[in-house]
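User: I have a structure to go through with you. Can you take my questions as they come?
Analyst: Go ahead.

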Amino acid sequence: MSSSINIPDTGAKRIVIVGAGFAGLTLARKLQNKGYQIVLIDKNNFHQFQPLLYQVAMAGLEPSSIAFPLRKAFQKCRDVFIRVTTVEEIDVQKNEITTRLGTLCYDYLVLAIGVTTNFFGNENFASKALSMKSIEEALYLRNLILNDYEKAVTTTDYDDRQSLVDIVIVGGGPTGVEVAGALVEMKNFILPKDFHELDTNEIDIHLIQSGETLLKGMSEEAGKNAEIFLRKMGVKVTLNTRVEDFDGEYVYLKGGEKIQTNKVIWAAGITGNKVKGLPEDVVVRGNRIRTDKINRVIGTENVFAIGDIAIVDDEPAYEYGHPQVAQVAIQQGKLLSKNLPAIINNKPTKDFVYNDKGSMATIGRNKAVVDLPRFKFKGFFAWIVWLVVHLFSIIGVKNKIFVFINWVWGYFSYDQSLRLIIKPAKRLKHREDDAV
Ligand SMILES: Cc1cc2nc3c(=O)[nH]c(=O)nc-3n(C[C@H](O)[C@H](O)[C@H](O)COP(=O)(O)OP(=O)(O)OC[C@H]3O[C@@H](n4cnc5c(N)ncnc54)[C@H](O)[C@@H]3O)c2cc1C
């Protein structure tokens, strides 16, 4: 089989998995050492645990605690080949993908490429607002926030200071709620100690949500409880209001109100990552890729899509697609690891049925909301459940230990020690085109 990215032809069936998020990594781990050649491609050389990105952005966790190097995950496996590059195009007729490093043929292709931020076509938000879909973006956000507090202590003009210290979060889903909670805790517990010259009463954390409750996708009760928690902590929650524009100085809300700030965190929408070459009618709402019930891309024989990027056809219970959460991605990865060998060996396959184990969001110390299929709860116990579930889901024993220590330390000391502003060093002129 042809490859210009130096993958040997071993005679084994080649399964190319694009994306090493929850879906792709689960699939690759389950298929290793089963007699297939697995090529795992990701633009990063690590898997990232997105649910805790906001803690990196808020200086609560080190980036390395929520990332896991791909090569380490497959150290003991000779049939898994990792390539760090971006897949740009698929040729379903030739069974070939084009990456930034070269081309590669496949027997089976699995797209597990996830989603990216959706700014709904607003150029100003796309270029001036901050998003949080990756470790790079989380670190950038952390630097900006810390840098602006540093600038604020030397700024004597009140309006200029407002612009530096106030933060607007757009979108009241789990990410928006968790970021708002973490920022207001930073304001309440950390900034008074770090920046005694700064009047923290001047700092406003705004959370703007277009709908009438927070945490759409969870129960109404969870949304209401999250709102009560946030308001008590000091977040300015605005519901039923759309943001219209942002010029870098003011956020303009529908209805005429404007808020002065130089920082908008955009947590209001996602859209599928794009790869060229798929038939147009399989890429639908939210750029998701239509599949049948075994996650095979409609109209293809040997191309599959799993995780956030996939939308399973004819699912009356999930008319708009399964929720774009880790559990769906993991369960689809696990099922495909059984269905692919079944297809290869002409055995019957199993349809995907989502086992919804519930959802949860944390708002801050001792505060979380949990919706389980049979009952809902909030507060301290919910927070403990949130901590335990997230701790056990992080990949790597070392990561689990480091996160646990950080959390315990932060809980008892009301502090974190990671507030470093680390700026990129100069780039070497002769290596400028090395980005993959
Ligand atoms: C801030 C945040 C908080 C979240 N919190 C929760 C939570 O609390 N609970 C929960 O269940 N879910 C949460 N989610 C959602 C959850 O992370 C996703 O549902 C899950 O990551 C989906 O897994 P995936 O494998 O489909 O995609 P991803 O995990 O996004 O992985 C996609 C991978 O594909 C790679 N990739 C993309 N395009 C290309 C390309 N062209 N070439 C090569 N590689 C490519 C990316 O680098 C990435 O590694 C959160 C998401 C975010 C962003």
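**Contacts, cavities and strands**

Analyst: To begin with one contact, a polar atom of the Gln-37 side chain lies 2.7 Å from the backbone oxygen of Pro-8. Note that this is a predicted model.

User: Where does Gln-37 lie?
Analyst: In strand β2, which covers residues 37-42.

User: Buried or exposed?
Analyst: Gln-37 is buried, because its relative accessible area is 2%, and the cut-off for buried is under 20%.

User: Switching to voids. How many cavities of 30 Å³ or more does the structure hold?
Analyst: Two. The largest cavity has about 520 Å³ of space, and the second largest has about 40 Å³.

User: Which residues lie nearest the centre of the largest cavity?
Analyst: Gln-55, Ala-182, Glu-185, Arg-365 and Gln-416, out of 26 lining residues.

User: And which elements give two or more residues to that lining, the one of the largest cavity?
Analyst: Helices α2 (53-57), α7 (174-194), α10 (380-393) and α11 (397-413), together with strand β23 (359-364). The largest share is from α7, with seven residues.

User: What is the lining of the largest cavity by class?
Analyst: It has 14 nonpolar residues, eight polar and four charged.

User: What lines the second largest cavity?
Analyst: Ser-219, Glu-221, Ala-222 and Asn-225 are among the lining residues. Val-369, Val-370 and Asp-371 also line that cavity, as do Lys-376, Phe-377 and Lys-378. At least two lining residues each come from α8 (220-233), β24 (367-371) and β25 (376-378).

User: How does the lining of the second largest cavity split by class?
Analyst: Four nonpolar, two polar and four charged.

User: Now pockets. How much space lies in the second largest pocket?
Analyst: About 300 Å³. The pocket is lined by 14 residues, and Leu-139, Asn-143, Ile-422, Lys-423 and Pro-424 are the closest to its centre. By class, the lining of this second largest pocket has eight nonpolar residues, two polar and four charged.

User: Backbone next. Which phi values should I look at?
Analyst: Asn-33 has phi near 55°, and Phe-120 has phi near 50°. Each value is positive in a residue other than glycine. Most residues other than glycine have a negative phi.

User: Where are Asn-33 and Phe-120?
Analyst: Asn-33 is in the loop between α1 (22-31) and β2. Phe-120 is in the loop between β10 (115-117) and α4 (123-128).

User: Is that Asn-33 buried or exposed?
Analyst: Asn-33 is exposed, because its relative accessible area is 53% and the cut-off for exposed is over 50%. Phe-120 is exposed too, with a relative accessible area of 56%.

User: Last topic, the sheet with β14. What is the strand order?
Analyst: β14-β15-β16, an open sheet of three strands with antiparallel pairing. The edge strands are β14 (243-246) and β16 (258-260), each pairing on one side only. From one strand to the next, the twist averages 20°.

User: How many bridges join β15 to β16?
Analyst: Three, with β15 taking in residues 250-253 and the two strands running antiparallel.

User: Which residue in β16 is the bridge partner of Tyr-252?
Analyst: Lys-258.

Definitions and conventions:
Residues numbered from 1 in each chain as written. Predicted model: local features only at pLDDT ≥ 70, side-chain atom pairs only at ≥ 80, totals over all residues. Heavy atoms only, no water. Pairing = 2+ DSSP bridges. Helix = DSSP H or I, 4+ residues; strand = E, 2+ residues; numbered from the N terminus. Axes fitted to C-alpha atoms, helices over the stretch in contact; angles between N-to-C directions. 1 Å grid on protein atoms, 1.4 Å probe; cavity = no way out; pocket = protein on both sides within 12 Å on 5 of 7 lines; lining within 4 Å. Points joined across faces, edges and corners; volume = space filled by probe spheres on them. Nonpolar A, V, L, I, M, F, W, Y, C, P; charged D, E, K, R; others polar. Buried < 20%, exposed > 50% of the residue type's maximum accessible area, 1.4 Å probe, protein only. Polar contact = N/O pair within 3.5 Å; in protein donor to acceptor, adjacent residues only side chain to side chain.
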